[in-house]
4 protein chains.
Amino acid sequence: MIIVMKAGAAKKDRDEVIKRIKELGYKPHVIHGTTRDVIGAVGDERGKLVLQSIESMHGVESVVPILKPYKLASKEVKVEPSIIRISDAVSIGGKEIIVMAGPCSVEGEEQIIETAKAVKAAGAQVLRGGAFKPRTSPYSFQGLEEEGLKLLAKAREITGLPIVTEVVNPETADLVAEYSDILQIGARNAQNFALLKKVGQLRRPVLLKRGMSMTIQEFLMSAEYVMSEGNQSVILCERGIRTFETATRNTLDLSAIPVLKGMTHLPVIADPSHGTGNYHYVAPMALAAVAAGADGLMIEVHPDPERASSDGPQSLKPKKFDALMTKLRLVAESVDRAI
Amino acid sequence: MIIVMKAGAAKKDRDEVIKRIKELGYKPHVIHGTTRDVIGAVGDERGKLVLQSIESMHGVESVVPILKPYKLASKEVKVEPSIIRISDAVSIGGKEIIVMAGPCSVEGEEQIIETAKAVKAAGAQVLRGGAFKPRTSPYSFQGLEEEGLKLLAKAREITGLPIVTEVVNPETADLVAEYSDILQIGARNAQNFALLKKVGQLRRPVLLKRGMSMTIQEFLMSAEYVMSEGNQSVILCERGIRTFETATRNTLDLSAIPVLKGMTHLPVIADPSHGTGNYHYVAPMALAAVAAGADGLMIEVHPDPERASSDGPQSLKPKKFDALMTKLRLVAESVDRAI
Amino acid sequence: MIIVMKAGAAKKDRDEVIKRIKELGYKPHVIHGTTRDVIGAVGDERGKLVLQSIESMHGVESVVPILKPYKLASKEVKVEPSIIRISDAVSIGGKEIIVMAGPCSVEGEEQIIETAKAVKAAGAQVLRGGAFKPRTSPYSFQGLEEEGLKLLAKAREITGLPIVTEVVNPETADLVAEYSDILQIGARNAQNFALLKKVGQLRRPVLLKRGMSMTIQEFLMSAEYVMSEGNQSVILCERGIRTFETATRNTLDLSAIPVLKGMTHLPVIADPSHGTGNYHYVAPMALAAVAAGADGLMIEVHPDPERASSDGPQSLKPKKFDALMTKLRLVAESVDRAI
Amino acid sequence: MIIVMKAGAAKKDRDEVIKRIKELGYKPHVIHGTTRDVIGAVGDERGKLVLQSIESMHGVESVVPILKPYKLASKEVKVEPSIIRISDAVSIGGKEIIVMAGPCSVEGEEQIIETAKAVKAAGAQVLRGGAFKPRTSPYSFQGLEEEGLKLLAKAREITGLPIVTEVVNPETADLVAEYSDILQIGARNAQNFALLKKVGQLRRPVLLKRGMSMTIQEFLMSAEYVMSEGNQSVILCERGIRTFETATRNTLDLSAIPVLKGMTHLPVIADPSHGTGNYHYVAPMALAAVAAGADGLMIEVHPDPERASSDGPQSLKPKKFDALMTKLRLVAESVDRAI
């Protein structure tokens with residue numbers, strides 16, 4: 001950590017800072033600059049974030065952290081990419097790009113089975129579908145809950161596709177884990193630390209969506225919450241951040257993919273459906289995500305989007321999804337990947 | 001709801017939309033424009049958000065909602081401001097401005113008792129202090145938990161100040177409600193709907209912080225979650241939103257105060273400590289919040305910020321807090337309020 | 001335009017609005033809703049934006065525009081994509097993807113000639129290089145000005161590559177147009193309307209960069225400024241928007257590509273160098289832009305980035321650029337384009 | 001400047017960086033950390049921003065600047081607040097708060113004279129009014145240009161109020177300076193460096209508005225452009241930044257006031273009209289700005305907002321403005337200022 005003193009700060013102030021750095025177990029190292037002093041504090045600054053409090057000392061202008069605050073998620077701890085096993089047949093993080101597709105919400109048996117068959121036929125390797133739905137409005141459809149989980153399990157039985165579904169509450173996490181192959185944490189719960197700790201104690205891969213206004217570093221810190229509880233199987237999902245632009249529902253930050261690839265060994269996927277909020281933009285952004293290096297995609301598919309209980313405007317019909325899969329294969333090959 | 005058709009959309013597409021509007025129980029009303037048609041759908045659009053799915057129909061350019069999606073929080077349901085009772089002596093939402101002050105985290109008996117006495121002497125009416133701490137890093141101090149709640153209760157016993165503390169998990173909400181006079185929902189849990197529903201079932205006022213990237217309408221929808229479960233005592237707290245500016249930890253959006261006052265009957269307070277992240281800016285922004293019409297303030301006070309377990313850089317020392325209270329009284333009077 | 005009245009607005013207020021709509025030359029059309037009235041104003045609302053002022057009338061809640069405010073840039077005016085001729089050999093907007101490459105600043109003869117030869121050899125079709133540099137600091141290198149233009153012209157003579165360079169002032173626009181094949185308007189001047197009008201009067205294609213906090217609609221309005229002065233040859237360039245994320249210099253909004261493709265006939269390119277600010281991320285984002293449907297790319301290449309006068313950290317060395325071009329060809333083919 | 005090496009960077013890389021630092025005229029200073037080395041480069045880093053290019057060297061993780069890039073605007077150069085003389089009677093930056101009021105656009109003689117008299121009667125000390133208007137649409141009213149300047153001068157003659165009006169083009173800056181007492185640079189031109197240099201050469205105070213997505217540091221760099229040309233009379237104006245929130249036209253960042261007060265000696269004012277875009281919010285935000293420490297305000301007043309050529313929705317009628325001035329006096333006194 002680097003402590004920048006104010007221009008013209010008193011020697012007394014500097015000495016107080018040095019004393020405090022030593023008290024906290026770091027070794028101080030002073031650089032006398034042309035207009036101000038800068039003090040390096042050498043030592044492992046993680047887990048002792050109290051050092052930040054030096055910012056309130058007299059004569060201090062700012063405190064600049066040097067170490068990254070995440071450990072288990074970092075490439076410094078594990079250099080080679082993590083390959084996460086989802087089922088006997090499906091793993092993510094290797095050469096193959098994994099496509100998770102299905103409706104936003106499970107609405108009924110026919111809908112989920114029909115969609116599962118269609119996405120499997122098109123080449124998807126995982127079925128998505130929401131049973132517990134975190135909706136902005138308390139008056140919106142909240143999901144079929146356990147009934148929805150049972151229907152997902154039935155669709156898995158029929159198609160063989162592993163399933164991913166959302167967990168919204170520590171109290172029902174065990175229930176979801178009974179049915180689901182991957183536990184999804186939604187964007188609005190991306191810093192719900194009680195929930196992150198809970199899924200960290202379960203033995204299921206976790207698909208962690210980036211929060212709407214989460215920096216990439218905070219995103220890794222949320223992964224770190226899960227991992228520090230013992231669960232190393234975390235899949236990161238870029239799903240759009242909130243910006244001033246309203247032409248799309250969110251702004252899909254595809255640059256997060258190469259940035260994350262440089263910082264962590266965990267697999268990274270993209271969700272162009274939530275990322276754009278409009279089915280017209282799903283195909284180009286799915287192709288772009290693969291070109292940018294994504295390890296997978298999450299795409300909403302619904303047999304009748306105009307009648308969907310949620311997220312109709314961003315859902316692809318099975319036929320359009322099938323056409324997209326064909327294009328995805330070509331782009332994947334062009335960047336030396338496969339679907 | 002207004003459905004805008006594309007320029008040159010086929011009559012067939014328009015007729016399909018009209019048919020669907022009727023199916024959903026609305027009355028369609030077509031306006032023929034110079035380049036395109038616009039269709040009004042008359043009826044109560046809340047609770048039937050499925051109407052949004054019309055956006056995926058052929059020939060439709062966009063769907064514009066007219067009704068606000070919140071009901072219980074709206075001024076249309078309740079015109080006069082809500083005055084929420086916190087204790088026998090303290091209510092919020094009336095002429096008096098309520099100041100909630102105390103440390104970010106409860107760290108020990110001496111710290112909390114000393115701070116409670118100091119903020120009471122300065123004129124604060126509520127004691128704040130965190131026992132369960134939602135921290136960005138799993139390696140940071142996570143709070144004293146129940147031990148912290150007991151210390152807060154002890155501080156209340158000694159000073160008579162009611163207490164506000166954060167709830168982070170539906171599973172521990174009942175425990176917090178046993179000790180606390182106000183249940184705080186933090187910014188990172190502002191769309192943790194499981195938690196909102198849970199505190200909606202408890203009989204304690206809820207202090208709801210605005211999420212970092214929450215629009216004002218979404219903020220009211222989260223209040224609506226609490227209210228729709230039966231708990232009408234919601235205090236809204238503006239605490240800064242996330243923007244591109246990094247000179248402050250967040251950007252305190254004081255315009256949210258008059259905007260909210262025009263939309264809801266609920267009281268609105270501001271948190272200039274989290275809103276700025278720097279104790280130098282707390283006093284001017286606290287004064288500004290009162291001038292803008294806030295019903296209260298939440299301010300971090302710590303006897304020794306340099307040694308605080310969390311948020312030291314934004315905490316005021318008791319002496320500075322006392323000086324701020326003096327200035328706040330003058331500004332409050334100038335806008336016909338009192339402290 | 002749709003005028004939404006407040007719930008319970010007086011009949012008198014509504015009648016005043018209707019009267020005003022008629023005065024302004026529109027035909028009013030009232031829809032009586034369940035809680036409020038909505039009034040459609042039928043007529044061409046462009047060029048009469050004064051209608052917006054109805055928002056300040058008594059009883060009015062909001063005014064929702066229906067028509068898009070741009071005309072010449074819109075697909076309603078011109079359905080087929082515009083193909084813009086840059087030189088005898090190079091056009092943009094067709095099947096071929098155009099790559100514009102070169103240094104941020106022209107620094108000297110050897111540097112620009114060497115780079116021009118290198119990017120040509122790798123397959124770039126246009127040479128970029130700044131002669132007038134808009135720098136955030138008045139103390140930074142401001143460009144070689146006319147001397148830089150002459151060096152660019154020399155590089156064109158040697159390599160045959162047409163050149164693109166920035167215009168920063170209406171007073172020097174004619175000078176730049178003497179030398180340059182494409183006139184670039186930078187992000188910071190994207191709403192410098194005096195400059196937009198000036199280049200609209202010149203007979204050179206304009207490469208218009210998106211402003212850092214410009215919505216896509218405002219972007220098209222700036223193109224409209226150029227076009228309404230008579231110059232229809234506008235190339236739009238997505239170069240990253242400003243968001244809360246600091247891991248990249250800007251957030252490259254690739255979804256702007258399909259969104260713009262749906263709104264306008266103008267060609268759209270992407271600048272992954274400014275969009276990310278870091279050479280590590282240039283290649284993946286360039287590939288992604290092509291997959292998303294971009295008609296071209298603008299990429300910074302410098303023979304010695306560590307010694308560049310500007311933007312060194314985001315510049316590719318010629319060898320890395322050459323490797324990128326090879327990959328770009330594969331991705332372009334996979335989406336049925338060519339380089 | 002601090003150069004952070006990657007964890008495990010080779011000694012050779014570090015030595016290259018040290019060599020380069022020396023070449024550039026700085027003194028290197030190495031701190032050996034637990035996982036990586038950090039190198040301080042001691043020397044005046046301003047004017048040699050090329051140091052940033054070290055970021056592209058092998059083994060370098062990041063480069064952290066220590067010195068602020070502005071000089072003339074900084075408090076390090078001039079500690080006491082600058083008081084800027086506008087006319088014989090009016091100065092800004094002292095104890096008195098200066099209110100600049102008037103219509104968005106000058107529309108005609110009667111309108112501007114009537115408004116000038118009204119704002120003077122209410123206590124405003126400066127008249128504002130646009131003659132050259134930078135409008136988002138080329139089809140919107142672009143201002144009366146020189147005719148507007150003449151009308152402003154006439155209003156000054158009648159009322160004695162000095163005038164502030166916008167400059168949009170270096171070519172017409174001299175013309176505007178002939179008539180106007182203060183030269184306003186609008187938000188969209190806040191990084192139009194050609195224009196900043198031009199007004200820096202004129203002998204009139206400059207009112208510089210913050211760009212929509214400008215950081216506070218960039219804002220000061222734009223002031224530095226004006227000052228480095230010789231004109232030290234710069235008034236900074238916070239007028240709202242662009243965020244995700246759409247309930248207000250912009251998000252008025254009042255925390256910018258105390259932040260700027262800590263960084264610069266220049267006076268700081270706020271524009272709650274553009275900052276909110278809605279006349280309902282102008283009064284509370286004007287009061288808040290004064291409480292936060294603003295040296296002045298810029299407020300739009302129009303006798304007939306419903307018929308205004310621009311910005312009607314955010315304009316106050318003279319009667320409302322008069323009522324606001326009464327409240328402003330009370331708040332100003334409560335923070336030891338005067339109007």
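## A walk across two interfaces and a sheet

Start where chain A meets chain B: between them there are 21 residue pairs in polar contact, counting pairs with both residues at pLDDT 80 or more. That cut-off matters here since this is a predicted model.

**Stop 1: chain A against chain B.** Keep both chains on screen and colour the side of chain A that touches chain B. Helices H1 (11–23), H5 (193–200), H6 (216–228) and H9 (279–291) of chain A each bring at least two residues to it. Select H6(A) next: with 5 residues, this helix gives the largest share. Colour by class and you'll get 20 nonpolar, 17 polar and 14 charged residues on this side of chain A.

Now zoom out a bit. In the contact, 51 residues of chain A face 51 residues of chain B. About 4,400 Å² is buried between the two chains, and carbon and sulfur atoms give 53% of that. Want to see who buries the most on the chain A side? Pick Ser56(A), Tyr139(A) and Glu306(A), which supply 16% of the area chain A buries against chain B, more than any other three residues.

There are also 4 salt bridges between chain A and chain B. For one of them, show the side chains of Glu218(A) and Arg242(B), where N and O sit 2.6 Å apart.

**Stop 2: chain D against chain B.** Hide chain A and bring up chain D. Here 32 residues of chain D and 31 residues of chain B make the contact. The buried area is about 2,500 Å², with 75% from carbon and sulfur atoms. Click on Phe244(D), Glu245(D) and Ser334(D): together they supply 21% of what chain D buries against chain B, more than any other three residues.

Stay on Glu245(D), which forms a salt bridge with Arg210(B), closest N and O atoms 2.7 Å apart. Then select H9(D), the helix that gives the most to this side of chain D, with 6 residues. By class, the side holds 20 nonpolar, 8 polar and 4 charged residues.

**Stop 3: a sheet in chain D.** Switch to cartoon view and find the open, antiparallel sheet of 4 strands, ordered E2-E3-E1-E4. Strands E2 (27–32) and E4 (60–64) of chain D are at the edges with a single partner strand each, so one side of each has no neighbour in the sheet. Neighbouring strands are turned by 20° against each other on average, direction ignored.

Follow E2(D) to E3(D) (37–42): the two pair over 6 antiparallel bridges, and Lys27(D) has Val42(D) as its bridge partner. Finally, add helix H1 (11–23) of chain D, which packs on the sheet and touches E1, E2, E3 and E4 of chain D.

Technical notes. Residues numbered from 1 in each chain as written. Chains lettered and ligands numbered in written order. Predicted model: local features only at pLDDT ≥ 70, side-chain atom pairs only at ≥ 80, totals over all residues. Heavy atoms only, no water. Contact = heavy atoms within 4.5 Å. Buried area = accessible area lost by both parts, 1.4 Å probe. Polar contact = N/O pair within 3.5 Å; in protein donor to acceptor, adjacent residues only side chain to side chain. Nonpolar A, V, L, I, M, F, W, Y, C, P; charged D, E, K, R; others polar. Pairing = 2+ DSSP bridges. Axes fitted to C-alpha atoms, helices over the stretch in contact; angles between N-to-C directions.
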